[in-house]
Amino acid sequence: MAETDIELPQLYLVTPPEFELSRFPEQLAHVLDSHDTACLRLSLATSDEDRIMRAADACREVAHARDVPIVIAEHALMVERLGLDGVHLGDGARRVRKTRDDLGADAIVGAFCTASRHDGMTAGEVGADYVSFGPAGASGLGDGTRAEADLFDWWSKMIEVPVVAEGALDEDTIRTLTPFTDFFAIGEEIWRTDDPSSALARLMAAMEG
């Protein structure tokens, strides 16, 4: 069978929700050096402003040294002061228009829209650079809602705004969604392992078939 030149999805790396500043930047650098990465998302569980700022400074330094843009989850007001490249909003389309107005045309503004086609379309219409759907894999968290393959299939055919698959990703899910998504957002799937770079390599290899 002849090979087809399909463009594989890109990696969108997500930090763990908690990490040690003494160790994580080195670990992050190793992963970024080992894998081509389109974007890094700082996604912390804490609301402690000082901890967020110190983590952002450390991760920005690592990412920007490798020409990888970095966005922060939720905290749009911190983007400019911390020298970040944009924000990832977790509540669908609700804040996209205002955030775009506040941050300007050059900032990255992304929107997580669970499995809502309507939310995704609205987010794209009001200025989101990308729309993220998930969880794409089977997860025991939340209410059981899952972003199914047919959503990504439809989006890839009908909508020009780039789409991100995230949440509970495994090799089978990645293999299934590779033809339909522009990015895979991968985070806790690798950080909870002993060797994140190797775990990421296994997941990314699933895109090849």
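## The nonpolar core

In this predicted model, the largest nonpolar core is made up of 59 residues, and Leu13, Leu28, Phe133 and Ile186 have the most contacts inside it. Helix α2 (residues 49-65) is the top contributor to this core, giving six residues. There's also a second, separate core of nine residues, with Tyr12, Cys39, Ile108 and Ala185 among them.

Take a look at Ile186. Leaving out residues up to four places away in sequence, Ile186 touches Leu11, Tyr12, Leu13, Val14, Leu169, Ile174, Leu200, Leu203 and Met204.

## Aromatic pairs

The whole structure holds six aromatic pairs. In one of them, the ring centres of Phe133 and Trp155 are 5.3 Å apart and the planes sit at 80°, so this pair is edge-to-face. It ties together distant parts of the chain, 22 residues apart: Phe133 comes from strand β6 (residues 130-133) and Trp155 from helix α5 (residues 149-158). Phe133 is buried, at 0% relative accessibility, and Trp155 is buried too, at 1%.

Trp155 also pairs edge-to-face with Trp154, at 6.2 Å centre to centre and 65° between the planes. Trp154 is partly exposed, because its relative accessible area is 21% and the cut-off for buried is under 20%. Ring pairs join Phe133, Phe152, Trp154 and Trp155 into a cluster. On top of that, Arg117 has its charged end over the ring of Trp154, 4.1 Å from the centre.

## Ser197

Over in helix α8 (residues 196-205) you'll find Ser197. Ser197 is buried, with 9% relative accessible area. Setting aside neighbours within four places in sequence, Ser197 is in contact with His30, Val31, Ser34 and His35.

Conventions. Residues numbered from 1 in each chain as written. Predicted model: local features only at pLDDT ≥ 70, side-chain atom pairs only at ≥ 80, totals over all residues. Heavy atoms only, no water. Helix = DSSP H or I, 4+ residues; strand = E, 2+ residues; numbered from the N terminus. Buried < 20%, exposed > 50% of the residue type's maximum accessible area, 1.4 Å probe, protein only. Contact = heavy atoms within 4.5 Å. Core = buried A, V, L, I, M, F, W, Y, C linked by side-chain atoms within 4.5 Å. Phe/Tyr/Trp six-rings, centres within 6.5 Å; stacked < 30°, edge-to-face > 60°. Lys NZ or Arg CZ within 6 Å of the ring centre and 35° of its normal.
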